[in-house]
Amino acid sequence: EEMERQQALLTEDLSSLRHHEELDSAFTRLRADLHARVRPELGQIASGLLGPLTDGRYSQLEIDEAFRVVLQQDGKPRPVISGGEEDLANLVVRISLSRMIAERAGHPLSLLVLDEVFGSLDEARRDNVVRLLRRLGEQFDQVLLVTHLEEIRGAMDQVLRVELDEAQGRSVVRSEF
């Protein structure tokens, strides 16, 4: 009797295992299908943003199967060769992903938050990013930029300065126009 009971439990467990393996296989196929659809669209949107940021140096951005960024220069794949170029590529991918998510959710693009996107950019690239942020203001209701670079302040519509008040032991936020 015990053997029959154990055999019944084993049969149930094997059935459950087969069910889980089928689900795992289905989810793996679904993920591969979604990746195959998302990567080209993400690359296309990012490419439209990349050209102006690099003064036309890079014409296209692709996302490979491992979701690594591959820049195209004159139709040829090029490695991201500088920190600034890598920062720009990552920025356009983040913005493109935000646009895709909002569009697919059927919601207007309301808020975009960017943190320290100017890190390793030279002055010309910083100016290009500022121009991009202005254009993004047409697509997003609000673009919030976090930066420590003082020279960017003048290019922004509104500035909120966050400073530590050591006497009170807390941060203080001031609005600057």
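**Tour from Pro 108 to the largest pocket**

Select Pro 108 to begin: its relative accessibility is 62%, so the residue counts as exposed, the cut-off for that class being over 50%. The model on screen is a predicted one. Pro 108 sits in the loop that lies between helix H2 (83-105) and E4.

Add Phe 140 to the selection. Pro 108 and Phe 140 are 32 residues apart in sequence, and their C-alpha atoms are 7.7 Å apart in space.

Next, select strand E4, residues 111-115, together with E5. The two strands run parallel and are joined by five bridges. For one facing pair, pick Leu 114, which stands opposite Leu 145 in E5.

Now include helix H3 in the view. E4, H3 and E5 make a β-α-β unit, and the unit is right-handed.

Which elements each supply at least two residues of the lining of the largest pocket? Select helix H3 (123-136), strand E5 (142-146) and strand E6 (159-165) to see them. The largest pocket has a volume of about 930 Å³. Its lining consists of 27 residues, and the closest to the pocket centre are Leu 144, Leu 145, Gln 158, Val 159 and Leu 160. Leu 145 is also the residue that stands opposite Leu 114.

Finally, colour the lining of the largest pocket by residue class: there are 15 nonpolar residues, seven charged and five polar.

Notes
Residues are numbered from 1 along each chain as its sequence is written. This is a predicted model: local features need pLDDT of at least 70, side-chain atom pairs count only at pLDDT 80 or more; totals for chains, interfaces and linings use all residues. Side-chain values use heavy atoms; hydrogens and water are left out. On a 1 Å grid over the protein atoms alone, a cavity is a set of points where a 1.4 Å probe fits but cannot get out, and a pocket is an open set with protein on both sides within 12 Å along at least five of seven lines; lining residues have an atom within 4 Å of a point. Grid points are joined across faces, edges and corners, and a volume is the space filled by probe spheres set on the points. Helices (H or I, at least four residues) and strands (E, at least two) are DSSP runs, numbered from the N terminus. Ala, Val, Leu, Ile, Met, Phe, Trp, Tyr, Cys and Pro count as nonpolar, Asp, Glu, Lys and Arg as charged, and the others, Gly among them, as polar. Two strands pair if DSSP finds at least two bridges between them. A crossover is right-handed if, with the strands pointing away from the viewer, the path from the first strand over the helix to the second runs clockwise. Buried means under 20% relative accessible area, exposed over 50%, partly exposed in between (1.4 Å probe, protein chains only).
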